[in-house]
Amino acid sequence: TWIQAMRAGIVIQAEQNWNEDDPFSVSTLKGGNSVIIYHSASKEFYRYCHLRDVSVKPGMEITAGVKIGTVGHSGTNASKPGHGEHLHFEINKYDQRSKIVRPLLEDELKQRIENAKKLT
């Protein structure tokens with residue numbers, strides 16, 4: 001199953017050589033093969049993990065809906081028996097005040113879902 005980019009942006013990480021026996025095969029063994037896309041207008045990072053294959057490269061500017069990889073079960077936990085193929089997806093935002101990247105809070109995500117429902 002293909003995974004499509006949620007928003008347009010620039011690919012800042014695209015790793016697909018996960019190997020559970022090599023601690024340096026990717027930047028995070030837990031996440032396995034992964035893609036991170038930065039959306040500059042919202043200052044958000046979209047992180048897609050546990051992919052089987054990655055079809056984008058760092059530095060690429062992409063549009064929403066572009067195929068970025070396929071669902072898999074790479075990564076330390078996701079590769080364990082019984083976990084099956086799935087996508088781990090995160091939205092993280094750069095907070096200019098604190099100068100840190102933080103995950104979107106539950107209320108922020110709920111508000112986005114409500115706003116999206118209004119548009120359909």
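The exchange below goes through how some labels in this predicted model are justified.

Trainee: Why is Glu44 called buried?

Mentor: Glu44 has a relative accessibility of 0%, and because buried means under 20%, Glu44 counts as buried.

Trainee: What makes the contact between Arg112 and Glu44 a salt bridge?

Mentor: The closest N and O atoms of Arg112 and Glu44 are 2.1 Å apart, and since the criterion asks for a side-chain nitrogen of Lys or Arg within 4 Å of a carboxyl oxygen of Asp or Glu, the pair is counted as a salt bridge. Arg112 lies in helix H1 (residues 106-119) and Glu44 in strand E4, so the pair ties together parts of the chain that are 68 residues apart in sequence.

Trainee: Why is Arg112 called partly exposed?

Mentor: Its relative accessibility is 31%, and because the partly exposed class lies between the 20% and 50% limits, Arg112 counts as partly exposed.

Trainee: How do you know that Lys93 also meets Glu44 in a salt bridge?

Mentor: The N to O distance between the side chains of Lys93 and Glu44 is 4.0 Å, which is to be set against a criterion of within 4 Å, and the pair is accordingly listed as a salt bridge. This pair links distant parts of the chain, with Lys93 in strand E7 and Glu44 in strand E4, 49 residues apart. Lys93 itself is partly exposed at 24% relative accessibility. Together with Arg7, the residues Glu44, Lys93 and Arg112 are linked in a network of salt bridges.

Trainee: What makes E4 and E7 paired strands?

Mentor: Pairing requires at least two bridges, and E4 and E7 are joined in the antiparallel sense over six bridges. Within this arrangement, Cys49 stands opposite His88 in E7. E7 also pairs with strand E8 (residues 100-103), again in the antiparallel sense, over four bridges.

Trainee: Which residues have the most contacts inside the largest nonpolar core?

Mentor: They are Val11, Val35, Ile37, Tyr48, Val56 and Ile68, in a core of 16 residues. The largest share of this core, four residues, comes from E4.

Trainee: Why is Leu87 called partly exposed rather than buried?

Mentor: Leu87 has a relative accessible area of 34%, and because buried would need a value under 20% and exposed one over 50%, Leu87 is partly exposed. Leu87 lies in the loop between E6 and strand E7 (88-95), and with Met6 and Phe89 it makes a nonpolar surface patch of about 240 Å².

Notes. Residues numbered from 1 in each chain as written. Predicted model: local features only at pLDDT ≥ 70, side-chain atom pairs only at ≥ 80, totals over all residues. Heavy atoms only, no water. Core = buried A, V, L, I, M, F, W, Y, C linked by side-chain atoms within 4.5 Å. Buried < 20%, exposed > 50% of the residue type's maximum accessible area, 1.4 Å probe, protein only. Helix = DSSP H or I, 4+ residues; strand = E, 2+ residues; numbered from the N terminus. Patch = residues over 30% accessible without salt bridge, like charges linked within 9 Å, V, L, I, M, F, W, Y side chains within 5 Å. Areas by Shrake-Rupley, 256 points an atom, 1.4 Å probe, with all protein chains shown as cover.
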